[in-house]
Amino acid sequence: MEWLSAENVVAIGTAVIGVVASGVMVWYERRVPRRKRIGYRVQMDNAIGDDVRSGRENRRLGLFDEAPGMVDATLVLLRIENDGSQSIDRDDYTSPERHGLTAVFTDRTIRGVSVTQPTDIDHIMDHFSADRGFGYDGNRLRIPRVPLNRGDYFKLLVLLSGGDVGREIRLYGGIREGEVHPNRSATPDEKENVFSLPARVFTALLTASVLVLAGIVVFRDGNPIECARGGLTVTGSTAFAPVLETLAKDYEGKCQGADITVEARGSELGVVELDALAGRSKDSARSVIAFSDGPSGERLGLRGKKIALSAYTLVAGEGNTFAAAGLSVRQVRELYAGTYTRWGQLMSEAERETTYRDLADLPIVLVSRGDNSGTRQIFQERVLDGRWESAPSTSLDCRENPSVVVRCELASTGDVLKKVAATRGAIGYSELALAEAAEKDGVARVPLDGKQADIDEIETNGSTYPYRDVEYAYTYGTPRNGTLAAGFLAHLDEETSRQAIRDKGHLPCRQAMPLCE
């Protein structure tokens, strides 16, 4: 299968890993109650008492010698912080008492406490009052239910006696859907990681998946998916020929030894010739790809692949402001049925006498394509509702004749555009991008039922503009791996090629598959 290449398998595999990792991460963050967290760390635990007991020289002055109970005093600086991913409110504390947390200083007695808050936070100090549970008893310090936003913290400077430094200090309490835990670092400016270890692992996995996919996208365009040597003939659609010429040169530039010839002869003729060639020489037929505007019917042995959605437009001669303002589908059907010979016959009386008076007697010239044209077949199917162009071909040179309906058939879209530009009363049809390029030569695009041909409107806004169809690539059977036909078709699916197709006014079916159905 064409899509089952090693690159696609790797790309799909890494994408699946990324999606699964995302799901697991979401599940973990939703199911594991670690999102609300209060961390604490002891940033200082120093003796200020009698160092003589420890065999060190005593260095104290003033009240540290005179105040009772200060013989073995110690100072502890305790930092309490919200290091989780959510804010903590008063109601998030689960303690049955008025206070929310309890700090326990093993083998020591609390003598005094001082509270400090960061300079950019002004609400914390309001909660430290006796009526909110703030106080101490023995070695236990009761800490109020302090609301903390993410990253908020406060510090407690605690004066203790009765024990030496280094004794265990613990903070107890409960947080709804969260935890109270000690932080590892005592460095004042170091913050605990906001994301848990599993979350960081999954994030790294996602990043790796994205990088692998990006690498595939970048490096796969460095060389075509299948680079083959030999000769290949690309025939068929004249409307799609500019795209094929661009992509053929691009492929030849990347693959030495590849020789691709573009021969645009018309959609129907290209497919018929491929079918006939397959009857004479199957090997020769495998070196030909025929492009067709729209499906070309069932033919034994031929396989069609959808390449792009193409839009087409009616075009009018220079100065024909009546047609350029737009025609209804009904008017177009009547035109190509041979109902009218002059443009004034399509106008209202007021239009003939005022707005378009100089166009009223202008003879109508129908500039058409031959039976082999895919552009014509799509026009008949999509605009004329399956009817043939009833007006007979009456001219070889499309010269105006006011007494009959003038209709001529030309070999290519380019010929149609040149003739329409040179004939004021002419109307024809063309692939959209070619028509847009011909506007500088005097060609005017004709809206249908008030809708202008616009590939972006079709893609993004669901325009029901009727004159459009899918471009097909026909091959004899499925091209074998390693052949130039297989390599060129794979090249059409590359990102750079899809962009080139867009730049020429078509929508790649790989990016707009619902529209190509």
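Which two cysteines form a disulfide with their sulfur atoms 2.1 Å apart? Select Cys509 and Cys516 and you have the pair. Keep in mind as you go that this is a predicted model.

**Stop 1: the disulfides**

Stay with Cys509 and Cys516 for a moment. Look along the bond between their sulfurs: the torsion is about -90°, so this disulfide is left-handed. Cys509 has 1% relative accessibility and counts as buried; Cys516, also at 1%, counts as buried too.

The structure holds three disulfides, so there are others to visit. Next, select Cys227 and Cys255, whose sulfur atoms lie 1.7 Å apart. Here the S-S torsion is about -130°, which makes the disulfide left-handed. Zoom out a little to see what is being joined: Cys227 sits in the loop between helix 3 (197–220) and strand 10 (230–236), while Cys255 sits in the loop between helix 4 (241–254) and strand 11 (258–264). The two are 28 residues apart, and the pair links distant parts of the chain. Turn on a surface and compare the two ends. Cys227, at 44% relative accessibility, counts as partly exposed, whereas Cys255, at 1%, counts as buried.

Now move to Cys398 and Cys408, a disulfide with its sulfur atoms 1.7 Å apart. Its S-S torsion is about 95°, so this disulfide is right-handed. Cys398 lies in the loop between helix 10 (374–383) and strand 15 (406–410), and Cys408 lies in strand 15 itself, so the bond ties together parts ten residues apart in sequence. Both Cys398 and Cys408 are buried.

To see the overall scheme, number the bonded cysteines in sequence order: the pairing reads 1-2, 3-4, 5-6.

**Stop 2: an open sheet**

Switch to a cartoon view and look for an open sheet of five strands, in the order 4-7-2-1-9 and with mixed pairing. At its edges are strand 4 (109–116) and strand 9 (178–182), each of which pairs on one side only. From one strand to the next, the twist averages 20°.

Inside this sheet, select residues 74–82 (strand 2) and 153–161 (strand 7). They pair in the antiparallel sense over eight bridges. Strands of a sheet pair through backbone hydrogen bonds, either parallel or antiparallel. For a single bridge to look at, pick Ile80: its partner in strand 7 is Phe154.

Then show the side chains of Arg79 and Tyr153. Arg79 lies over the face of Tyr153, at 3.8 Å from the ring centre.

**Stop 3: the aromatic rings**

Finally, display the aromatic side chains. There are twelve aromatic pairs to find, counting rings whose centres lie within 6.5 Å. How are the rings of Phe322 and Tyr356 arranged? Their centres are 5.2 Å apart and their planes stand at 75°, so the pair is edge-to-face. Follow the backbone away from each ring: Phe322 belongs to helix 7 (residues 321–324), and Tyr356 to the loop between helix 9 (349–353) and strand 14 (365–369). With their positions 34 residues apart, this pair links distant parts of the chain.

Are these two residues buried or exposed? Phe322 counts as buried at 5% relative accessibility, and Tyr356 counts as buried at 13%.

For a last selection, take Tyr312, Tyr336, Phe379, Tyr429 and Tyr467 together: ring pairs link these residues into a cluster.

Conventions
Residues are numbered from 1 along each chain as its sequence is written. This is a predicted model: local features need pLDDT of at least 70, side-chain atom pairs count only at pLDDT 80 or more; totals for chains, interfaces and linings use all residues. Side-chain values use heavy atoms; hydrogens and water are left out. Rings of Phe, Tyr and Trp (its six-membered ring) pair if their centres lie within 6.5 Å; planes under 30 degrees apart count as stacked, over 60 as edge-to-face and the rest as tilted. Helices (H or I, at least four residues) and strands (E, at least two) are DSSP runs, numbered from the N terminus. Buried means under 20% relative accessible area, exposed over 50%, partly exposed in between (1.4 Å probe, protein chains only). A charge sits over a ring if NZ of Lys or CZ of Arg is within 6 Å of the ring centre and within 35 degrees of the ring normal. Two strands pair if DSSP finds at least two bridges between them. Axes are lines fitted to C-alpha atoms, for helices over the stretch in contact, and angles run from 0 to 180 degrees between N-to-C directions. A disulfide is a pair of cysteine sulfur atoms within 2.5 Å.
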